[in-house]
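Trainee: I am new to this structure. Please take one part of it, the sheet, and walk me through it closely.

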Amino acid sequence: MGLMLLNLLRSIENILGHSRFSSVLKNYVFDMREANDGIFYLHDINHTNLYKNLFRQTTMSQSDIWTEKYRPGKFEEVVGQQEILKRVKSLVQALNIPHLLFAGPAGIGKSTLALIIVKSLFGDAWRENYLELNASDERGIDVIRQKVKDFARTKALENVPFKVIFLDEADALTREAQQALRRTMENYTHTCRFIMSCNYSSNIIDPIQSRCVVFRFKLLERRDIIEVIKRITEKEKLKLTDDAYEALYEASEGDCRRAINLLQATASISLDINAEMINMIVSSAKPAGIKIVLDYALSGDFINARDKLLDLMLKESIAGTDIIKLFQKEIWNLQIEPEIKVRLTEKTGEVEFRMTEGSDEFVQLQALLASFVLAGQGKSS
Ligand SMILES: Nc1ncnc2c1ncn2[C@@H]1O[C@H](COP(=O)(O)OP(=O)(O)O)[C@@H](O)[C@H]1O
Ligand SMILES: [Mg+2]
């Protein structure tokens with residue numbers, strides 16, 4: 001273990017970009033999560049051992065993570081999203097910020113732009129005038145409301161007559177919670193502006209949408225991703241082959257966070273980087289996540305299987321139909337009866353068909369997970 005493991009874990013953490021991560025590399029499968037006590041536990045799935053571990057002192061600080069280190073702090077540093085930038089800039093200059101709703105997939109500049117707005121409005125005093133909440137982390141709407149209330153109680157400091165609340169992943173809130181949020185927005189409309197982010201604006205109730213100016217962020221284009229990567233390779237003194245840039249863009253699918261994380265993961269192995277190395281890291285990441293979903297499901301833990309799946313779909317932007325393909329591949333590697341493999345494969349086929357017919361992907365995938373749970377209990381349906 002020791003250093004090799006540490007580097008390995010760091011690479012994996014970078015790929016997945018959050019503290020709960022997993023990957024297959026050199027035949028190890030790890031699933032690492034932060035338990036309630038704030039200590040990281042390392043779960044070696046192959047041997048189903050749980051190591052209590054001392055990774056607390058080795059976890060990376062924010063500035064070690066390149067997505068944070070190179071997060072644009074000014075409008076000029078943002079790539080792509082040019083129409084949005086223009087409009088937002090003029091709203092900021094006029095000190096006329098309505099509530100904003102940023103819609104679009106992950107890793108393309110929504111949170112970044114919210115921060116830039118706040119920094120432009122408040123300068124050095126931005127921290128006192130800015131509250132960031134993540135709808136999927138906070139425990140329910142009551143916690144959010146209380147935090148908003150506490151934050152809104154004190155007046156904005158500077159010449160700006162309001163404070164800013166950024167609510168990330170607002171579409172993680174139920175409709176009822178969104179109704180409550182709407183009332184909160186109304187109560188504090190004189191003292192606070194909300195910036196909300198979501199994957200799909202259609203998941204946000206109309207009364208909130210109609211109170212916001214909606215901006216639709218697009219996946220970043222090839223030249224934009226490559227521009228960001230070039231900036232970082234210069235600063236970090238990396239050497240990339242031309243096809244490495246290409247491989248990074250391909251793997252990123254327009255998600256800048258993913259491109260940067262992949263670059264950092266690869267750079268932790270070597271400063272000379274080619275496409276092959278990037279592709280190796282990419283192919284090690286996805287199936288591992290899928291395997292963890294399957295492991296949870298087959299061990300009867302539906303809730304964790306579903307959460308992990310949602311995580312994969314949202315944070316790694318893997319489409320439902322791609323998830324099915326990964327499931328199909330992974331099923332054949334599982335340690336289960338061949339008969340059950342056949343049944344599960346049949347099920348995935350059915351679900352794939354329903355998806356192409358247009359039924360809700362996540363609902364279908366949950367149904368599939370439920371049948372995996374049954375199969376795991378020997379009751380294959
Ligand atoms: N348009 C962009 N221009 C420059 N860097 C970007 C852009 N979008 C994302 N990034 C990089 O990716 C990281 C994640 O972006 P973020 O704004 O947090 O994405 P999200 O849209 O999911 O909120 C940022 O820290 C930044 O390094
Ligand atoms: Mg974000």
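Mentor: Start with one pair of strands in this predicted model. Strand β5, residues 99-103, pairs with β9 in the parallel sense. Five bridges join β5 and β9. Within this pair, H99 stands opposite C212 of β9.

Now widen the view. β5 and β9 belong to an open sheet of five strands. Read across, the order is β6-β7-β8-β5-β9, and the pairing is parallel. In general, strands of a sheet pair through backbone hydrogen bonds, in either a parallel or an antiparallel way.

Look next at the edges. They are held by β6 (130-134) and β9 (212-216). Each has a single partner strand, so one side of each is left without a neighbour in the sheet. From one strand to the next, the twist averages 15 degrees.

Then add a helix. α4 lies across four strands: β5, β6, β7 (163-168) and β8 (192-198). Against β8, α4 runs at about 165 degrees.

Follow α4 to the ligand. In total, 21 residues surround ligand 1. The closest are R71, G109, K110, S111 and T112. Two elements give two or more residues to this shell: α4, spanning 110-122, and α10, spanning 256-267. By character, the shell around ligand 1 holds ten nonpolar, eight polar and three charged residues. Domain 2 (81-216) and domain 3 (220-278) each supply at least three residues to the shell.

To retrace the path: β5 pairs with β9, α4 lies across β5, and α4 gives two or more residues to the shell around ligand 1.

Note on methods: Residues numbered from 1 in each chain as written. Chains lettered and ligands numbered in written order. Predicted model: local features only at pLDDT ≥ 70, side-chain atom pairs only at ≥ 80, totals over all residues. Near = placed C-beta within 6 Å. Nonpolar A, V, L, I, M, F, W, Y, C, P; charged D, E, K, R; others polar. Domains from an automatic or database assignment. Pairing = 2+ DSSP bridges. Axes fitted to C-alpha atoms, helices over the stretch in contact; angles between N-to-C directions. Contact = placed C-beta atoms within 7 Å.
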